[in-house]
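Got the model open in your viewer? Let's walk through it one selection at a time.

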Amino acid sequence: MNIKIIGVGKLKEKYFKDGIAEYAKRLGRFGKFTIVEVPDEKAPESLSQSEMDNVKAKEGARILGKIKDKEYVYALAIEGKERSSEDFSKELTQLVTYGHSDITFVIGGSLGLDAAVMKRSNAQISFGKFTLPHQLMRLVLTEQIYRAFMINEGSPYHK
């Protein structure tokens, strides 16, 4: 199994890097886990709608360039479907059972994801209506992926 997270922007904070590294190490026993960073587009505070769309389109093109045809893609979006940890775990198991061994999660930049990325995604997932920094979201997502595998194992980690 190959799990990949594509994130817009560089992760700078050591505490986020350390947390992600710990879960990445734990995930190693279940398959290959990678994080791919694509550059964010510089965006001043006040942008017109067309300027925002342009920023998202440029970031979206970079994201799509990192996704292969065979990958099952989850787009992280506030408007996506919320899942419990148990449901997420079952969903990942079903994907693998039915031949999807390459699963990719996409976390957009500060303006969100371009429509082309949303269209390419097979599913959208939401972690609630809160807006979280994309750096923190990488850590939360990595932990939830690890939790999903531990639930499938029947591990007490999930308690």
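Start by selecting Ile5, which you'll find in strand E1 (residues 2-8). Keep in mind that this is a predicted model. Is Ile5 buried or exposed? Its relative accessibility is 0%, so Ile5 counts as buried. Show what surrounds Ile5: leaving out residues up to four places away in sequence, it touches Phe33, Thr34, Ile35, Val36, Phe105, Ile107, Arg138, Leu141, Thr142 and Ile145. Pick Leu141 from that set and draw a line between C-alpha atoms: Ile5 and Leu141 are 136 residues apart along the chain, yet 8.7 Å separates them in space.

**Helix H5**

Next, select helix H5 (134-153). H5 has 20 residues and runs 29 Å from its first C-alpha to its last, close to the 28 Å expected at 1.5 Å a residue. How many residues of H5 are buried? The number is 15 of the 20, so H5 is largely enclosed by the rest of the structure. Step past the end of H5 and you reach Gly154, with a positive phi near 80°.

**Helix H1**

Now go to helix H1 (residues 14-27). With 14 residues at 1.5 Å each, H1 should span 20 Å, and its end C-alpha atoms are indeed 20 Å apart. Colour Phe16, Gly19, Ile20, Tyr23 and Leu27, the buried residues of H1. Look down the axis of H1: these buried residues fall within an arc of 95°, so they line one face of the helix. Remember that an α-helix has 3.6 residues a turn, so residues three or four places apart point the same way. What do the buried residues of H1 pack against? Show strand E2 (32-38) and H5 to see their partners. Then turn to the face of H1 that points away from its buried side, where Lys14, Tyr15 and Lys25 are exposed.

**A cavity by Leu27**

Keep Leu27 selected and add Met1, Ile3, Phe30, Gly31, Lys32, Phe33 and Phe149: together they line the largest cavity. Its volume is about 30 Å³, and the count comes to 1 cavity of 30 Å³ or more. By class, the lining of this cavity divides into 6 nonpolar, 1 polar and 1 charged residues.

**Helix H3**

Helix H3 (residues 85-97) is the next stop. Its 13 residues should span 18 Å at 1.5 Å a residue, which agrees with the 18 Å between its end C-alpha atoms. Select Ser85, Phe88, Ser89, Glu91, Leu92 and Leu95, which are buried in H3. They cover an arc of only 160° around the axis, which puts them on the same side of H3. Lys90 and Thr97, on the other side of H3, are exposed. To see what covers the buried residues of H3, bring up E3, strand E4 (102-107), E5 and H5, which are among the covering elements. Just after H3, click on Gly99, which takes a positive phi of about 95°.

**The two largest pockets**

Switch to a surface view and centre on Leu76, Ile78, Gly109, Thr131 and Leu132. Of the 22 residues that line the largest pocket, these lie nearest its centre. The elements that give two or more residues to this lining are strand E3 (72-82), strand E5 (123-126) and helix H5. Which element gives the most? E3 does, with 4 residues. The largest pocket holds about 550 Å³ of space, and its lining has 12 nonpolar, 9 polar and 1 charged residues.

For the second largest pocket, select Glu41, Ala43, Pro44, Ser110 and Leu111, the residues nearest its centre among the 13 in its lining. There is about 230 Å³ of space here. The lining divides into 5 nonpolar, 3 polar and 5 charged residues.

**Last stop: Ser121**

Finish at Ser121, in the loop between helix H4 (115-120) and E5. Ser121 has a relative accessible area of 9%, under the 20% cut-off, so it counts as buried. Leaving aside neighbours within four places in sequence, Ser121 is in contact with Val73 and Ala75. Draw one more C-alpha line, from Ser121 to Leu76: the two are 45 residues apart along the chain and 9.6 Å apart in space. Leu76 should look familiar, as one of the residues nearest the centre of the largest pocket.

Note on methods:
Residues numbered from 1 in each chain as written. Predicted model: local features only at pLDDT ≥ 70, side-chain atom pairs only at ≥ 80, totals over all residues. Heavy atoms only, no water. 1 Å grid on protein atoms, 1.4 Å probe; cavity = no way out; pocket = protein on both sides within 12 Å on 5 of 7 lines; lining within 4 Å. Points joined across faces, edges and corners; volume = space filled by probe spheres on them. Nonpolar A, V, L, I, M, F, W, Y, C, P; charged D, E, K, R; others polar. Expected span 1.5 Å × (residues − 1). Buried < 20%, exposed > 50% of the residue type's maximum accessible area, 1.4 Å probe, protein only. Arc of directions from axis to C-beta. Contact = heavy atoms within 4.5 Å.
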